[in-house]
Amino acid sequence: MTATRSRALVFGGSGQVGAAVLARLLRAGWQVDALSRTAHAPRPGLRWLGGGFDAMPALASDYDAILSCGPLDRFAHWQSAAAVVAPRVVAFGSTSLAVKRGSADAGERGLAERLAASEQALFATARARGADAIVLRPTLVYGAGRDRTLSRIAAMARRRGLFVLPRGATGLRQPVHVDDLAATAIAALAAVGAGGTGYDLPGGETLAYRDMVARVLAVLEPPARLLEVPAPLFAALAAALRAAGRLEGFGAEAQARLRQDLVFDIAPAAAALGHAPRPFRPDATMFVPG
Ligand SMILES: NC(=O)c1ccc[n+]([C@@H]2O[C@H](COP(=O)([O-])OP(=O)(O)OC[C@H]3O[C@@H](n4cnc5c(N)ncnc54)[C@H](OP(=O)(O)O)[C@@H]3O)[C@@H](O)[C@H]2O)c1
């Protein structure tokens, strides 16, 4: 029976998006080899291989598909030198490529440049090997309780019973559920004529940042309060927390983005890959690690 099953190699299968991708691959009957630097229990159809880009285990020489749900730059670099081939390559990148391109923060600009260069390297390698490569760029990910935005906000709000935002945090967002990303990744494996392209994957609803946070706070048990304070006061609070090492990654650029619309066109991914994400209807379980 297993001889006829399609075989996939998955990088990043232990991550929040990768776990949803693995679940869908297994449900669809794929035979999966998944890499991880930590040990995991095997499941029917799934073989975990210990290792990562710094210590690659022995791999089969060919698969029906390779999926990357981990760091795109490491994957693109590995793929360019690896002898492992597959006609289909689907890799997650990020809309940070566009969002952080013009950032005043050199580190953020560097990330955007790395993402863009990695996409191009991936497409070039695939072209040279006659393979189809697709890059999927999620917006703000949620759903598995392991994201660094809404789950982090929920955790802080649970501790204090409230969450503080600066007034004017009305930039538009499109939160996307991990399982909708996984569904689109699986669809990408079979999409015809969609290769050599990166697709933005927004969620199914566009709403203001403060409204997105308010919906999360409202579903916590007990619900938490949203406190909106003047922006200069918020900036001072954030600086104090950062100085105490308690608000990593939320500098001036990130605060300015709360007022900026980060909106991506769903149409190309909907047309080419059938991307049809759900609207943002959170429940409390989505912000607790499963
Ligand atoms: N989170 C977001 O809001 C967001 C937004 C846009 C795009 N994305 C992109 O979507 C993809 C998935 O994100 P995620 O949030 O699901 O990631 P995650 O939960 O942080 O998981 C990252 C995965 O990458 C693997 N990994 C990390 N460094 C590795 C290394 N040096 N060698 C081998 N494996 C390594 C980890 O595997 P092990 O630890 O098991 O080895 C882990 O499974 C990433 O490409 C990310 O950039 C995420």
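**Exercise 1. Determine whether R37 is buried or exposed, and describe its surroundings.**

Solution. R37 has a relative accessible area of 76%, and it is therefore classed as exposed, the cut-off for that class being over 50%. The model from which this value is computed is a predicted one. Next, locate the residue: R37 sits in the loop that connects strand 2 with strand 3 (46–50). Then list its contacts. When neighbours within four places in sequence are set aside, R37 touches G51 and G52. Finally, a long-range distance can be added: 33 Å separates the C-alpha atom of R37 from that of V213, a residue 176 positions away along the chain.

**Exercise 2. State which residues come nearest to the ligand, and characterise the shell around it.**

Solution. Begin with the shell, which comprises 19 residues; S14, Q16, S36, R37 and G70 come nearest to the ligand. Sort the shell by residue class: seven are nonpolar, ten polar and two charged. Proceed to the backbone atoms that face ligand oxygens. For G70, a polar backbone atom is 2.7 Å from an oxygen atom of the ligand. For G12, the separation between a backbone N or O atom and a ligand oxygen is 3.3 Å. For V141, a polar backbone atom lies 3.4 Å from an oxygen atom of the ligand. As a last step, consider coverage: on its own the ligand has 890 Å² of accessible area, of which the protein covers 75%.

**Exercise 3. Establish whether D33 is buried or exposed, and identify the side chain with which it forms a polar contact.**

Solution. D33 belongs to strand 2 (residues 31–36). Its relative accessibility is 6%, so D33 counts as buried, since the limit for that class is under 20%. Beyond its neighbours within four places in sequence, D33 is in contact with R7, A8, L9, V10, R47, L49 and Y63. Of these, R47 is the partner sought: the side chains of D33 and R47 are joined by a polar contact of 2.8 Å. The C-alpha atom of D33 also lies 9.5 Å from that of G13, 20 residues away along the chain.

**Exercise 4. Compare the expected span of helix 4 with the distance between its end C-alpha atoms, and describe its ends and its cover.**

Solution. Helix 4 covers residues 106–128, which is 23 residues. The expected span is 1.5 Å times one less than the number of residues; it comes to 33 Å, and because the end C-alpha atoms are 33 Å apart, the two values agree. At the start of the helix, a side-chain oxygen of D105 comes to within 2.7 Å of the backbone nitrogen of G107. Just after the helix, G130 adopts a positive phi of about 70°. The buried residues of helix 4 include L115, L122 and F123. Their cover includes helix 2 (72–81), strand 5 (88–92) and strand 6 (132–138). Helix 3 (96–99) also contributes to the cover. S96 lies in helix 3 and is buried, because its relative accessible area is 14%. Apart from neighbours within four places in sequence, S96 is in contact with R101, L111, A112 and L115.

**Exercise 5. Identify the configuration of the peptide bond from E221 to P222, and locate P222.**

Solution. Inspect omega: it is near 0°, and the bond from E221 to P222 is cis. Then place the proline: P222 lies in the loop between helix 7 (209–219) and strand 13 (225–229).

Key: Residues numbered from 1 in each chain as written. Predicted model: local features only at pLDDT ≥ 70, side-chain atom pairs only at ≥ 80, totals over all residues. Heavy atoms only, no water. Near = heavy atom within 4 Å. Polar contact = N/O pair within 3.5 Å; in protein donor to acceptor, adjacent residues only side chain to side chain. Areas by Shrake-Rupley, 256 points an atom, 1.4 Å probe, with all protein chains shown as cover. Nonpolar A, V, L, I, M, F, W, Y, C, P; charged D, E, K, R; others polar. Helix = DSSP H or I, 4+ residues; strand = E, 2+ residues; numbered from the N terminus. Buried < 20%, exposed > 50% of the residue type's maximum accessible area, 1.4 Å probe, protein only. Contact = heavy atoms within 4.5 Å.
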